[in-house]
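User: I would like a close look at a single part of this structure, namely its aromatic rings. Please explain how they pair and where the paired residues lie.

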Amino acid sequence: MRKRIVAGNWKMNNNLDETTAFLDELKNQTFPENVSLVIAPAFTNLYAAAQSVKAHAVTIAAQNMHQNDQGAFTGEVSGKMLKNIGITTVILGHSERRAYFGETHELLTEKVNTALANDFQIIFCVGEELKDRKEENHFNVVKKQLKESLFHLTNADWASIVVAYEPVWAIGTGETATPQQAQEMHQFIRSTIENQYDAALSQQVPILYGGSVNPGNAAEIFSMADVDGGLVGGASLKVNDFLKIANSF
Ligand code: PGA
């Protein structure tokens, strides 16, 4: 069976106190079995978060990293620095990074390569904008995102890749893709990977859905055959909601 993952992308939310309080509360709860829990706090709180969950089955992830290991890149944080504080998972290609910080396919390819060279697990986000869906171009957009930034990887590299399908129109809007829309795209992503590589590999890659996942809709979305979990923004900020989502398989 494929790995199931529920990851909380906190974006620019939760300060240090709020981060440690959340993790203290989380650690007191019973975790669902067979689901990997991931939390991605802000950079300033990564070290404390990683220390806090050391003895627990929670992975702390970064929301981004620079494509170089070090150097004159004011304001940036490298994968090597992240590894040095115990972080080995990174989210790359989030639509907010693509839209607000100009992250292109080329840049993301560099980031993917650097992350893999540093032995990171990568949660790689893809997803179309509303206009793409209206123009029925959503499959092409997602295929291009996969192709441009991931299809140079070897079969072995893919052991470090989790794909997150996040339709941009569903992020933070309260509007979710229907379970059928999610399944249709997840199946498309899996078959696109199969066509490029092989069936065995495509069956191993976890594909998460993201975009207004909440405790009320998670079970239905996670019941879809090709949905292996969620990348959750707003609803991951409260321990109870996050755990309810993680318990929705
Ligand atoms: P949302 O965000 O759950 O608040 O829609 C998801 C994401 O951006 O990863």
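Analyst: The following account takes up the ring pairs and then turns to some backbone details. The model is predicted.

A search of the whole structure finds eight aromatic pairs. One of them is formed by phenylalanine 139 and phenylalanine 188, whose ring centres are 4.8 Å apart and whose planes make an angle of 50°. This pair is classed as tilted, because an angle that is neither under 30 degrees nor over 60 falls into that class. Phenylalanine 139 belongs to helix H7, which covers residues 138–150, while phenylalanine 188 belongs to helix H8, which covers residues 179–196. The two residues are 49 residues apart, and their pair links distant parts of the chain. As to its surroundings, phenylalanine 139 has a relative accessible area of 25%, so the residue counts as partly exposed.

Another pair joins phenylalanine 222 and phenylalanine 249. Here the ring centres lie 4.6 Å apart and the planes meet at 20°, so the pair is stacked. The cut-off behind this step is that planes under 30 degrees apart count as stacked. Phenylalanine 222 is in helix H10, residues 218–222, and phenylalanine 249 is in the segment after helix H11, residues 239–246. The pair therefore ties together parts that are 27 residues apart in sequence. The two partners may also be described by their accessibility: phenylalanine 222 is buried, because its relative accessibility is 6%, whereas phenylalanine 249 is partly exposed, because its value is 32%. Buried here requires a value under 20%.

Rings can also form a group. Trp10, Phe22 and Phe242 are linked by ring pairs into a cluster. A ring may likewise have a charge as its partner: the charged end of arginine 97 sits over the ring of phenylalanine 101, at 4.0 Å from the centre of that ring.

Two backbone details complete the account. Asparagine 34 has a phi near 60°, which is a positive value in a residue other than glycine. This asparagine 34 is located in the loop between helix H1 (16–27) and strand S2 (36–40), and with a relative accessible area of 59% asparagine 34 is exposed. Serine 212 is not a glycine either, and its phi is positive at about 60°. Serine 212 is placed in the loop between strand S7 (207–210) and H10. Its relative accessible area is 17%, so serine 212 is buried.

Definitions and conventions
Residues numbered from 1 in each chain as written. Predicted model: local features only at pLDDT ≥ 70, side-chain atom pairs only at ≥ 80, totals over all residues. Heavy atoms only, no water. Phe/Tyr/Trp six-rings, centres within 6.5 Å; stacked < 30°, edge-to-face > 60°. Helix = DSSP H or I, 4+ residues; strand = E, 2+ residues; numbered from the N terminus. Buried < 20%, exposed > 50% of the residue type's maximum accessible area, 1.4 Å probe, protein only. Lys NZ or Arg CZ within 6 Å of the ring centre and 35° of its normal.
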